[in-house]
Amino acid sequence: MSLIPKSVKSILLIDILLYLLGLSGIYLVSLKADLPFQIDYKRSADKIIRIENSTDASLINKTILKINSYTLSSPEETETFLDAYSKGNTVKVFFTDHTTVEAALINYYSVLYIFLSWLIGSSFFAIGIVVLIKAKAYKPARLFHWVTVFTALMIMMTWGYYNIEPKPFGYLIREILHLSVSIIPALFLHFTLSFPREKIIGNKKRLSLLYTFSFLVFGLLTYSFVLILLEPTSSRINAYVISYNLSRVFLIICVIIGIAVFIHSYKNSPIESDKKKLKWILFGLFLGPLGFVLFWTLPIIIFRKPMVSEEIVLILISIIPITFGISIVKYHLMDIDQVINRSVVYFFVIGVLLLLYLLIISLLANFAIQVESKVFSIITALTVVLLFQPLKNKTQKFVDKKFFRVQYDFREELKKFFDEIANSFDIKLLAHTVVARIESLLPVKKIGFFILSEKDKLQLVTHHNFDLLINRTIKFQRENLKTDLSLPVAVPSSIEPGVLIETADLEVFRRWGINLVFPIKSTKDELHGFLVLGEKKSESRFTVEDIDLISAVVGRMAVSIDRIKLQEKLLAKRLESERLKELNQMKSYFISSVSHDMKTPLTSIKMFAELLKSSKEINSDKAGEYLEMIEGETNRLTRLIDNVLDFSKIERGIKEYHLENISLNEVVSRTMKMMQYQFKLHKFEVEQNLSEKEKLIYADKDAVEEALLNLLSNSIKYSGDNKIIKVTTQLENNFMILSVEDKGIGIDKDNLKNIFNPFFRINSKMMQKSGGAGLGLSIVKHIMDAHKGKIEVQSEFGKGSKFSSIFPVVPE
């Protein structure tokens with residue numbers, strides 16, 4: 001709120017006050033009274049009453065002389081007279097046959113109307129405030145704001161009960177209504193003269209006259225209303241109605257002049273953005289004020305009654321602030337040409353079908369066909385439904401052909417194309433950008449961008465209406481070409497005479513709905529792909545300017561594709577160089593690590609062998625201990641060599657597994673015995689829990705043993721000071737699960753996703769001290785994948801890890 005200027009804040013405070021008064025107006029409108037019967041008004045002062053939904057049939061076709069002591073000659077005079085009364089009050093109705101009826105007044109407006117008045121009035125307030133805040137520095141925004149605010153007040157304070165206590169309050173509400181209906185025409189016309197650009201600079205006199213007349217109308221309305229308050233007579237009531245009709249004429253004149261001003265501005269504006277803004281305005285005027293004038297104001301003046309209900313008028317008026325607000329704040333929110341296009345189509349189609357519906361009903365009634373009314377309705381509705389789509393398609397085609405021939409500034413559009421192409425850094429984005437802009441500039445029935453691969457396959461990158469070719473490739477047959485593709489290839493009848501083209505294979509082009517193809521060739525004559533266009537929606541020919549524009553765009557696209565491909569090659573080389581460098585570092589570390597890991601057990605074996613050889617008096621227990629250590633270190637060396645050999649086979653894709661039905665518990669028990677030396681050497685406490693509910697698995701027992709050995713070796717390496725290992729098996733949902741859990745250093749979340757990659761080592765001092773080649777877990781992963789199982793990890797840094805190997809069981 002601190003960013004809103006003080007002047008705008010002051011206006012917003014006034015808006016709040018006026019909105020509260022508007023709500024009061026809604027309340028008074030809800031109290032508005034009406035006669036409990038309907039009246040057919042003749043040109044004379046006499047009236048024929050027509051009772052609907054009444055049990056008193058004696059009143060039908062009686063002629064009214066007076067209501068109370070007043071002779072009222074029009075619906076508006078009756079309405080003005082009754083505004084002094086509320087629902088439940090009674091009036092005396094005098095008939096020409098000298099009879100009198102006490103008529104209890106009923107509600108004038110329905111609950112729906114009251115709700116719509118509040119909803120649409122509130123919408124006008126809201127849109128006016130949003131536009132004021134969003135475009136606070138823009139003079140037309142302030143004018144629009146006041147137009148919407150006073151229109152909202154006119155809707156919310158329409159003629160209602162004004163004799164409410166305290167009476168001055170009801171009179172105030174009516175006076176605000178008078179001010180609103182008087183000032184709206186002047187504000188609207190002022191807005192048209194200021195939007196989108198000022199048209200009356202230095203000419204304030206006309207505006208002064210406009211607002212002076214507006215306040216004269218307000219004064220006349222106020223004067224005639226005060227006369228009614230002082231002494232209501234038939235002549236004074238009639239004078240008030242004439243004054244109100246004068247305000248309506250003022251509105252009609254201002255709306256007509258305003259529309260003429262907008263049309264003149266649209267035709268003469270050289271700025272495309274201004275034209276789009278004015279299209280939104282004219283679209284709103286066509287649906288809103290014009291509808292209000294044609295269906296409400298003019299019929300009241302000419303025929304003394306409206307053509308449509310007030311609810312319909314309110315809905316029509318609600319379109320105005322939306323289109324005007326979009327025009328002022330965000331005119332490019334939607335494609336206005338598309339909105340108008342579709343609106344014209346659907347208005348026409350619905351209008352024709354409505355007339356058709358009424359014609360069918362009328363014909364059936366005239367021929368007096370004795371059929372159930374429900375059958376009438378069903379047959380007519382089905383006819384309308386069946387005709388809707390073909391009629392809509394025909395109308396759409398006509399509208400596209402007659403009204404949507406897009407014109408453009410060649411240089412300006414070419415510059416826009418070049419700028420957008422320069423900012424495209426991959427081929428897909430480039431294709432989307434160019435196709436979207438061409439489609440908006442030259443509306444065509446179909447358009448597509450095809451890229452040519454190194455294998456001479458055409459792939460659709462982006463398109464409109466080439467659905468059959470999505471995710472499909474087309475073999476490009478160079479050998480069948482009859483041209484060097486230096487010119488566009490086209491159906492001659494779709495191009496203006498005098499344009500240089502290659503004539504297309506008409507049969508192929510017609511089959512695919514293609515009219516024009518632009519080859520995309522590099523400066524080195526390398527073919528990158530094709531830009532393909534169908535027929536224009538307007539069914540007009542492609543002009544010389546169209547061909548020149550797209551040819552220039554395609555030429556710049558080819559240069560851009562060369563640039564993108566070169567960038568991709570350079571990037572690929574850089575990535576490959578970095579990958580090779582990283583791989584060389586990993587292999588160097590691997591060789592160093594494997595050499596170190598091999599040297600350790602070999603040193604132990606050599607040391608204990610020399611002790612056995614040199615010690616002549618060594619006892620049998622000591623000799624057995626030394627031999628056990630030599631055997632353990634030999635197994636450790638064997639596992640290391642097996643890992644290297646297995647990884648080599650995996651890398652070359654020749655690793656084989658010999659699968660059979662085996663007991664997982666037996667493999668675990670045997671493996672744990674093999675690891676006893678390692679557990680004892682590193683002083684580990686081992687807990688082993690094997691499931692009693694075991695099922696066989698289909699696996700290579702040596703591979704399962706190798707996977708478990710690798711998991712146990714990792715637990716030993718990375719357990720730190722907390723030397724506890726837990727090995728378990730369990731049966732769960734037709735899977736045997738082998739888990740190895742330790743209380744070691746754990747793995748952080750960032751590294752979990754990489755631990756199964758070959759040569760991967762976590763960059764920490766503890767990990768580096770522990771040695772290892774970084775192959776164990778990648779081998780485990782390969783083994784589990786080959787057994788159609790999976791390996792899962794649960795780990796928390798500093799608290800340990802749990803690796804679970806999950807094997808599917810053999811079906812029973």
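**Loops, cores and salt bridges in a predicted model**

Asn471 sits in the loop that runs between S9 and S10. In this predicted model, the phi angle of Asn471 is near 60 degrees, a positive value for a residue other than glycine. Asn471 counts as exposed, because its relative accessibility is 72% and the cut-off for exposed residues is over 50%. Asn465 lies in the loop between strand S9 (457–464) and strand S10 (473–475). Asn465 likewise is not a glycine and has a positive phi, of about 75 degrees. With a relative accessibility of 39%, Asn465 counts as partly exposed.

Another backbone feature worth a look is found at Pro166. The peptide bond that joins Glu165 and Pro166 is cis, with omega at about -10 degrees. Pro166 has its place in the loop between helix H4 (139–156) and H5.

The helix that follows this loop brings the account to the nonpolar interior. Helix H5 (residues 167–194) supplies twelve residues to the largest nonpolar core, the largest share of that core. The core holds 73 residues, of which Leu35, Phe81, Val91 and Leu153 touch the most other members. For Leu35, the contacts beyond its neighbours within four places in sequence are Ile67, Thr78, Leu82, Val91, Leu105 and Ile106. Val91 thus appears both among these contacts of Leu35 and among the core members that touch the most others. In soluble globular proteins, nonpolar side chains tend to be buried together.

A second core, separate from the one just described, has 37 residues, including Val668, Phe684, Ala699 and Met736. Val668 also belongs to the buried set of helix H18 (residues 664–674), which comprises Leu664, Asn665, Val667, Val668, Thr671 and Met672. Viewed down the axis of H18, these buried residues fall within an arc of 160 degrees, so they line one face of the helix. Glu666 and Lys673 are exposed on the other side of H18.

Nonpolar side chains also form a patch on the surface. Leu13, Ile16, Leu20, Leu23, Leu112, Phe115, Trp118 and Leu119 make up this nonpolar patch of about 760 Å². Helix H1 (6–30) and helix H3 (111–134) are the elements that give two or more residues to the patch. Phe115, one of the patch residues, is found in helix H3. Phe115 counts as partly exposed, because its relative accessibility is 43%.

Charged side chains add a further layer to the picture. Side chains of opposite charge can pair when their charged atoms come close. Across the whole structure, a search finds 17 salt bridges. Arg437 and Glu413 form one of them, with the closest N and O atoms 3.1 Å apart. This pair links distant parts of the chain, since Arg437 lies in helix H14 (residues 427–441) and Glu413 in helix H13 (residues 410–422), 24 residues apart. Both Arg437 and Glu413 are buried. The two residues also belong to a network of salt bridges that links Glu412, Glu413, Lys416, Glu420 and Arg437.

Helix H13 holds another pair as well. The side chains of Asp419 and Lys415 meet in a salt bridge, at 3.1 Å from N to O. Asp419 and Lys415 are four residues apart in helix H13, about one turn of the helix. Asp419 is partly exposed, with a relative accessible area of 37%, whereas Lys415 counts as exposed at 53% relative accessibility. In a further salt bridge, the side chains of Lys521 and Asp525 meet at 3.0 Å from N to O. Asp525 counts as exposed, its relative accessibility being 55%.

The last site to consider is Gly746. Gly746 is located in the loop between strand S19 (735–742) and helix H21 (749–752). Gly746 counts as buried because its relative accessibility is 6%, and the cut-off for buried residues is under 20%. The C-alpha atoms of Gly746 and Lys802 are separated by 8.9 Å, while the two residues are 56 residues apart along the chain.

Conventions:
Residues are numbered from 1 along each chain as its sequence is written. This is a predicted model: local features need pLDDT of at least 70, side-chain atom pairs count only at pLDDT 80 or more; totals for chains, interfaces and linings use all residues. Side-chain values use heavy atoms; hydrogens and water are left out. Patches are made of residues with over 30% relative accessible area and no salt bridge: like charges are joined within 9 Å, nonpolar side chains (Val, Leu, Ile, Met, Phe, Trp, Tyr) within 5 Å. Accessible areas come from the Shrake-Rupley method with a 1.4 Å probe; for residues, only the protein chains shown count as cover. A salt bridge is a side-chain nitrogen of Lys or Arg within 4 Å of a carboxyl oxygen of Asp or Glu. Buried means under 20% relative accessible area, exposed over 50%, partly exposed in between (1.4 Å probe, protein chains only). A nonpolar core is a set of buried Ala, Val, Leu, Ile, Met, Phe, Trp, Tyr and Cys residues joined through side-chain atoms within 4.5 Å. Contact means heavy atoms within 4.5 Å. The arc is that of the directions from the helix axis to the C-beta atoms.
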